[in-house]
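Thank you all for coming; I would like to walk you through one chain this morning, strand by strand. Please keep the sequence and the structure in view while I talk.

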Amino acid sequence: MSAHDAHPWIRLCRVDDIPRLGSRVVERAEGNLAVFRTAQDKVFALLDRCPHKAGPLSQGIVHGESVTCPLHGWQLGLEDGRARAPDEGCARRFPVRVDEGVVYLGLD
Ligand code: FES
């Protein structure tokens with residue numbers, strides 16, 4: 001970590017603590033985060049709140065680098081949180097860093 005990092009990085013867990021093609025919820029007063037792990041062990045974090053009607057994205061199905069909301073099936077990109085067309089909306093994303101198998105969240 002350098003003094004130039006834009007975010008304070010919070011150590012969350014090991015990558016292996018997140019189920020592959022699943023997620024882990026980080027509870028926050030400002031709104032929970034869903035931290036996802038793909039089949040390729042990439043890790044992404046979104047607000048655990050679908051931009052459609054606030055469904056819990058952490059309970060969605062991860063495929064490729066997307067998640068399908070469990071409520072009405074919107075698909076959101078894990079990288080940018082954007083709904084796939086024809087749906088429109090965006091879940092807030094949070095920076096994630098993986099260093100030697102440890103997941104760090106960039107929280108402001
Ligand atoms: S709440 Fe997510 S698709 Fe409707």
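Let me begin at a turn: in the hairpin formed by β3 and β4, where five residues lie between the strands, Asp-41 adopts a positive phi near 70°. Before going further I should say that this is a predicted model, in which local features need pLDDT of at least 70 and side-chain atom pairs count only at pLDDT 80 or more, while totals for chains, interfaces and linings use all residues. Residues are numbered from 1 along each chain as its sequence is written, and side-chain values use heavy atoms, with hydrogens and water left out.

A word on terms, since I will lean on them. Helices (H or I, at least four residues) and strands (E, at least two) are DSSP runs numbered from the N terminus, and two strands are said to pair if DSSP finds at least two bridges between them.

Now the chain as a whole. It has zero helices and 10 strands. The radius of gyration, taken over C-alpha atoms, is 13 Å, close to the 13 Å that the globule rule gives for 108 residues, so the chain is as compact as a globular protein of that length; the rule itself is 2.2 Å times the number of residues to the power 0.38. Along its principal axes the C-alpha trace spans about 40 × 25 × 25 Å. Of the 108 residues, 42% count as buried, where buried means under 20% relative accessible area, exposed means over 50%, and partly exposed lies in between, with a 1.4 Å probe and protein chains only.

Back to the hairpin and its sheet. β3 (residues 33–37) pairs with β4 in the antiparallel sense over five bridges, and Arg-37 stands opposite Val-43 in β4. These two strands belong to an open sheet of four, in the order β2-β3-β4-β8, with antiparallel pairing. β2 (22–26) and β8 (93–94) stand at the edges and have a single partner strand each, so one side of each is left without a neighbour in the sheet. Between β4 (residues 43–47) and β8 there are two bridges, and the strands run antiparallel: Leu-46 faces Arg-93 across that pairing, and Ala-45 stands opposite Phe-94.

Is β4 mostly covered or mostly uncovered? It is mostly covered, with five of its five residues buried. Val-43, Ala-45 and Leu-47 point one way from the strand, whereas Phe-44 and Leu-46 point the other way, and all are buried.

That leads to the nonpolar cores, each a set of buried Ala, Val, Leu, Ile, Met, Phe, Trp, Tyr and Cys residues joined through side-chain atoms within 4.5 Å. The largest has 14 residues, and those with the most contacts inside it are Phe-36, Leu-46, Leu-57, Val-67, Leu-76 and Leu-78. β3 and β4 each supply at least two residues of this core. Apart from it lies another core, of 13 residues, including Cys-13, Val-15, Leu-33 and Ala-45. To look at one residue of the largest core, Leu-76, leaving aside its neighbours within four places in sequence, is in contact (heavy atoms within 4.5 Å) with several residues, among them Pro-51, Leu-57, Val-67, Ala-83 and Ala-91.

Let me turn to the other sheet I want to show. It is an open sheet of three strands in the order β1-β10-β9, again with antiparallel pairing. Here β1 (9–14) and β9 (96–99) are the edge strands, each with a single partner strand, so one side of each is left without a neighbour in the sheet. The twist averages 30° from one strand to the next, with axes fitted as lines to C-alpha atoms (for helices over the stretch in contact) and angles running from 0 to 180 degrees between N-to-C directions.

β1 is joined to β10 (residues 102–106) by five bridges, the two running antiparallel; Ile-10 stands opposite Leu-105, and Arg-14 opposite Val-102. β9 and β10 pair in the antiparallel sense over four bridges, one partnership being that of Arg-97 with Tyr-104. These two strands form a hairpin with two residues between them, and Glu-100 in the turn has a positive phi of about 50°.

Finally, which residues of β10 cover its two sides? Val-102, Tyr-104 and Gly-106 lie on one side, Val-103 and Leu-105 on the other, and all are buried.
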